[in-house]
Amino acid sequence: MSAPIDAVQVRDFFSRPARVAPSDFLRREVSARMHERLELVKITPHRVLDAGCGPGADLAQLQKDYPAAQIIGLDAAQAMMQAARAPASKLASLNQFLSKLLPAKAGVDLLCGDLGDLPLAQGSIDLVWSNLALHWHAQPDRVFAEWRRALRLDGLLMFSCFGPDTFREVRDAFAEADLYPHALPFVDMHDFGDMLVETGFSTPVLDMEIITVTYDTAEKLLADVRAFGGNPLTTRRRGLMGKAAWQRMLAALEKTRRPDGKLGLSFEVIYGHAFRPAPRVTRNGEAIIRFDLPRKPK
């Protein structure tokens with residue numbers, strides 16, 4: 001478990017797309033950087049899963065990249081599925097045209113479901129794509145296991161998510177006000193790498209970068225933090241913060257102003273991709289299973 005995340009709180013928050021919309025600028029930027037990485041991998045998928053598709057902004061680009069593929073958008077929030085139907089419906093005529101020309105099903109389909117419990121058959125997906133969704137799930141190892149289950153042999157997983165330095169300015173400022181957690185303790189990149197290997201992925205490649213967004217006011221900065229999902233921890237403060245504590249937090253945040261007079265908000269963005277490997281077998285077709293025995297103490 002990455003953190004004591006309240007899954008109901010996450011689903012309720014993302015059930016209001018209008019609250020999330022102001023933060024979409026970063027998802028679009030990260031999506032563009034993910035596509036640059038995807039262009040380096042030569043694959044021709046027949047079925048693509050956008051896991052945590054939100055209002056569906058990535059679905060059109062994925063269909064543009066793979067016009068002969070069936071693109072499946074999945075999200076846990078029903079309201080996001082309804083929002084995604086609008087752009088997907090604009091592609092309906094193209095979908096019908098492609099379906100007549102291609103033997104396989106092409107187009108966009110939408111599903112409501114949990115990242116860690118996919119309503120998909122084993123080995124039914126060629127590419128799993130997930131843009132800034134994984135960190136909202138309390139059990140990323142379970143999600144990786146489900147993604148591996150759904151992927152075909154040699155299928156590709158490509159994802160992005162937030163790392164530990166995300167919202168560090170806000171986390172530090174609130175630490176001056178009280179002892180409650182006010183931001184998720186996002187999972188470290190190296191821990192994600194270990195999870196990928198443990199759940200059976202091969203050759204995982206992960207890298208990260210810090211993206212800093214600047215603001216004129218603390219109010220706008222905090223509004224964007226809320227728009228990104230806020231604080232869904234079960235250990236979060238339940239009551240309102242007192243006026244004195246709030247002022248201490250704001251004062252601490254103001255101390256972080258940059259030389260240009262702007263307030264900065266950091267996002268550590270982790271990018272990862274890995275493949276589901278074909279099982280190793282002997283000449284007789286028997287599976288090769290590796291056991292890592294504990295090392296003897298020196």
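Student: Let me start with one residue: in which strand does Asp154 lie?

Tutor: Asp154 belongs to strand E5, which covers residues 151–162. Before going on, please keep in mind that this is a predicted model.

Student: What is the phi of Asp154 near, and is the residue buried or exposed?

Tutor: Phi of Asp154 is near 70 degrees, a positive value in a residue other than glycine. Asp154 has a relative accessible area of 54%, so it counts as exposed, the cut-off for that class being over 50%.

Student: And where does Leu132 lie, and what is its phi near?

Tutor: Leu132 sits in the loop that joins strand E4 (125–131) to H7. Its phi is near 50 degrees, again positive in a residue other than glycine. Leu132 is buried, however, with a relative accessible area of 5%.

Student: Now the overall picture, please. How many helices and strands does the chain have?

Tutor: There are eleven helices and seven strands. Of the 298 residues in the chain, 47% are buried. As for contacts with a separation of 6 or more, 81% of them link residues 24 or more positions apart.

Student: How should I read a pair of packed helices?

Tutor: Two numbers describe such a pair: the angle between the axes and the distance between them. Take H8 (residues 168–175) and H11 (residues 243–254): their axes come within 7 Å and cross at roughly 135 degrees. That angle makes H8 oblique to H11, because an angle has to be over 145 degrees to count as roughly antiparallel. The crossing of H8 and H11 is right-handed.

Student: Which residues of H8 and H11 make the contact?

Tutor: H8 contributes Glu169, Ala173 and Phe174, while H11 brings in Trp246, Met249, Ala252 and Leu253. By type, the residues of this H8–H11 contact divide into six nonpolar, no polar and one charged.

Student: Let me try H7 and H9 in the same way. At roughly what angle do their axes cross?

Tutor: The axes of H7 and H9 (residues 189–198) cross at roughly 40 degrees and come within 9 Å. H7 is therefore oblique to H9, since roughly parallel would need an angle under 35 degrees. This crossing, of H7 and H9, is right-handed. Pro140, Asp141 and Phe144 of H7 make the contact with Phe192, Met195 and Leu196 of H9. The residues of the contact of H7 with H9 are five nonpolar, no polar and one charged.

Student: Staying with H7, is Glu146 buried or exposed?

Tutor: Glu146 is found in H7, residues 140–150, and it is buried, with a relative accessible area of 11%. For a buried side chain with polar atoms, it helps to look for a partner. Here a polar atom of the Glu146 side chain lies 2.7 Å from the backbone nitrogen of Leu118. Not counting residues up to four places away in sequence, Glu146 touches Leu115, Gly116, Asp117 and Leu118.

Student: How do I read one helix by itself, say H10?

Tutor: An α-helix has 3.6 residues a turn, so residues three or four places apart point the same way. In H10 (residues 218–227), the buried residues are Ala218, Leu221, Leu222, Asp224, Val225 and Ala227. After H10 comes Gly229, with a positive phi near 135 degrees.

Student: What about residues that are apart in sequence? How far apart in space are Gly54 and Ala84?

Tutor: From C-alpha to C-alpha they are 7.1 Å apart, with their positions 30 residues apart in sequence. Gly54 is in the loop between strand E1 (47–51) and helix H4 (57–65), and it is buried, at 10% relative accessible area. Leaving aside neighbours within four places in sequence, Gly54 is in contact with Asp75, Met80, Met81 and Ala84.

Student: And how far apart in space are Asp65 and Glu39?

Tutor: Their C-alpha atoms are 9.2 Å apart, and the two residues are 26 residues apart in sequence. Asp65 is found in helix H4 and counts as partly exposed, at 32% relative accessibility.

Definitions and conventions. Residues are numbered from 1 along each chain as its sequence is written. This is a predicted model: local features need pLDDT of at least 70, side-chain atom pairs count only at pLDDT 80 or more; totals for chains, interfaces and linings use all residues. Side-chain values use heavy atoms; hydrogens and water are left out. Axes are lines fitted to C-alpha atoms, for helices over the stretch in contact, and angles run from 0 to 180 degrees between N-to-C directions. Helices (H or I, at least four residues) and strands (E, at least two) are DSSP runs, numbered from the N terminus. Angles under 35 degrees count as roughly parallel, over 145 as roughly antiparallel, 65 to 115 as roughly perpendicular and the rest as oblique. A crossing is left-handed if the near helix is turned anticlockwise from the far one by less than a right angle, and right-handed if clockwise. Contact means heavy atoms within 4.5 Å. Ala, Val, Leu, Ile, Met, Phe, Trp, Tyr, Cys and Pro count as nonpolar, Asp, Glu, Lys and Arg as charged, and the others, Gly among them, as polar. Buried means under 20% relative accessible area, exposed over 50%, partly exposed in between (1.4 Å probe, protein chains only). A polar contact is a pair of N or O atoms within 3.5 Å; within protein, one must be able to donate a hydrogen and the other to accept it, and residues adjacent in sequence count only if both atoms are side-chain atoms.
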